[in-house]
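User: I've got this one open on my screen and would like to talk it through. Can you take me around it?

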Amino acid sequence: MVKVKFPTVFVQITKERKIEIEAKNVKELLDKLFERYDGLKERLIKDGELTPFINIFVNGEDIRYLKGLETELKDDDEIAFIPAISGG
Amino acid sequence: MKVIALKCKICGKEFPPKALYTCDNCFGPLEVKYDWEFIAENVSKEKIKKGPLSIWRYADFLPIENVDPIDLGAGYTRFIKAENLGKELGLKNLYLIDDSTNPTYSFKDRVVSVAVTKAKEFGMKAVGCASTGNLAGSLSAHAAKANLPAYIFVPRGIEKGKIIQALVHGANVIEVEGTYDDANRLATEVAEENPDWGFVNINLRPYYAEGSKTLAYETAEHLNWELPDQVVVPMASGALLCAIYRGFEDLKRVDFVDGEVIMNGAQPAGLPIAKAVKSGGDVIPVRELKTIVHSLAIGNPADGMFAKEIIEKTGGYAEDPSDVESIEGVKLLARTEGIFTELAGGVTIAGLKRLVEEGRIDKSDVVVAYITGNGLKTGESIVSYLEDTIKIKAKLEEFEEVISW
């Protein structure tokens, strides 16, 4: 099982902030989340790509700098969806 | 009420004007939507003229309702006709706004004054931010004035000189292992867990960003309510350039000015926004930040795509000077105008120089460049590029020998 954390802005759809779920990689995780939460896919995927406004981190590292959707997951990994806000 | 909603910049969905920053429909960033009829009825050039000598002279344009501002005196800084630098670069009408003279020595006082005032208005219990230095100093000072605890997240190994200010004002400075982007991610998570804390560049971001619009108002006011032909703005996240653009648009909306300003950006070589403008491609985040200009080194700029859009829409351009050019820019400004700016200011001057050399800025254009911070904070980073002192014995002959060189 991996641990997944959603930002407040997901709660309208997910109704919860933290879940545990089985997934081998980020792509499988997303597929499972899309199946579980109605409306998430339409919001997160634009023109076949992940929206640039949400970053996905695995154990604190942006998946862009890992293997993207192919990033492998193992038990107890922490996956966080975080709004892309930086700088000022 | 001046502020009627927060509005998604992407899909347009509106939200009540609370401490929100992300759209729940498309996850896009939010911005403040104003009641322009209300503002137009209240604002006037005469009222501004009589107002305080700070950003709060433009209070009618700022997203604050009925609360006393936390005002350390941010803004309304020196507006200078840069004759010497202009001559050096071949410009007849070059002006500078010198924000190195703000209360905590950077333009961040403009945004922080608005954000901390908003935190007070919301009744928040603490304020915070992720910072590469300037924001930390500014937030700590304003938090002290507002009697609020401050939590500042900085990357591990940050130069002590950059956090002395934060520490002296009594902020809790949290040094996070990793880069700025790591510190920022953690701060975002903390903001998510503590909705009654105001993270100025995260959950107060829509309001915070508005503070920089005052640079546009000041520009126009000092030019007797005319718009400049072109401006040059340093870019990190791109938020500053976007805000200055919105400021000019606001002034047109209330019929204070008309015309268009060409918006140019400057960012250290290798960073995403300037790269995207120059290549014509998308703003793509970068992981490795090689520049010594830490205050502009943001790998994943939140407002990058909007800044690029504005630059292109207004017919501007972005330049990406090297570190060496930026250091030369710092020295050039210091030696021509007597202003010691931080490296980000050097990027602006170096970017301006390139824009003139490329013929993108005309000799007679009225140009305003924004000098956003003070050089003393990052003095150690340029010291090795300066001439050494001249060492002599305490004898008149030795000095005379020096001046005979």
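Analyst: Sure. Two strands count as paired here if DSSP finds at least two bridges between them. Keep in mind that this is a predicted model.

User: With that cut-off, how many bridges link strand 6 and strand 9 of chain B?

Analyst: Pairing takes at least two bridges. Strand 6 and strand 9 of chain B meet that in the parallel sense. One of the contacts puts Ala126(B) opposite Trp197(B) in strand 9 of chain B. The bridge total for strand 6 and strand 9 of chain B is 3.

User: And how many bridges hold strand 6 of chain B to strand 7 of chain B?

Analyst: Residues 126-130 of chain B make up strand 6, and residues 150-155 make up strand 7. Val127(B) has Ala150(B) as its bridge partner, and Ala130(B) stands opposite Phe153(B). The two strands run parallel, and their bridges number 4.

User: Which strands of chain B stand at the edges of that sheet?

Analyst: The sheet in chain B is open and has 4 strands, paired in parallel and ordered 8-7-6-9. An edge strand has a single partner strand, so one of its sides is left without a neighbour in the sheet. The strands in that position are strand 8 (172-176) and strand 9 (197-199) of chain B.

User: By how much are neighbouring strands of this sheet turned against each other on average?

Analyst: The order to walk along is 8-7-6-9 in chain B. Taking neighbours in this sheet and ignoring direction, the average turn is 20°.

User: How many residues of strand 6 of chain B are buried?

Analyst: A residue needs 20 or more other C-beta atoms within 10 Å to be called buried. Strand 6 of chain B is mostly covered by that test. Out of its 5 residues, the buried ones number 4.

User: Phe27(B) caught my eye in the loop between strand 2 and strand 3 of chain B. Is Phe27(B) buried or exposed?

Analyst: Its phi is near 70°, a positive value in a residue other than glycine. The loop holding Phe27(B) runs between strand 2 (14-15) and strand 3 (30-34) of chain B. Phe27(B) has 23 C-beta neighbours inside 10 Å, and therefore counts as buried.

User: What about Tyr76(B): buried or exposed?

Analyst: Tyr76(B) is not a glycine, yet its phi is positive at about 50°. You'll find Tyr76(B) in the loop between helix 2 (45-50) and strand 4 (78-81) of chain B. There are 22 other C-beta atoms within 10 Å, so Tyr76(B) is buried.

User: Over to the helices. What do you call the packing of helix 11 of chain B against helix 12 of chain B?

Analyst: Helix 11 (residues 272-279) and helix 12 (residues 304-313) of chain B have axes 9 Å apart, at an angle of about 40°. Helix 11 of chain B passes helix 12 of chain B in a right-handed crossing. The angle is what makes helix 11 of chain B, relative to helix 12 of chain B, oblique.

User: Which residues of helix 12 of chain B take part in that contact?

Analyst: From helix 11 of chain B come Pro272(B), Ile273(B), Ala276(B) and Val277(B). Across the contact of helix 11 with helix 12 of chain B, the residues divide into 6 nonpolar, 1 polar and 1 charged. The helix 12 side in chain B is Gly304(B), Ala307(B), Lys308(B) and Ile311(B).

User: Last one: which element of chain A gives the most residues to the side that touches chain B?

Analyst: In this contact 20 residues of chain A meet 30 residues of chain B. The elements of chain A giving two or more residues are strand 5 (54-58) and strand 7 (78-83). By class, the chain A side has 11 nonpolar, 7 polar and 2 charged residues. With 3 residues, the element that gives the most is strand 7 of chain A.

Technical notes
Residues numbered from 1 in each chain as written. Chains lettered and ligands numbered in written order. Predicted model: local features only at pLDDT ≥ 70, side-chain atom pairs only at ≥ 80, totals over all residues. Axes fitted to C-alpha atoms, helices over the stretch in contact; angles between N-to-C directions. Parallel < 35°, antiparallel > 145°, perpendicular 65-115°, else oblique. Left-handed = near helix turned anticlockwise from the far one by under 90°. Contact = placed C-beta atoms within 7 Å. Nonpolar A, V, L, I, M, F, W, Y, C, P; charged D, E, K, R; others polar. Buried ≥ 20, exposed ≤ 12 C-beta atoms within 10 Å, placed from the backbone.
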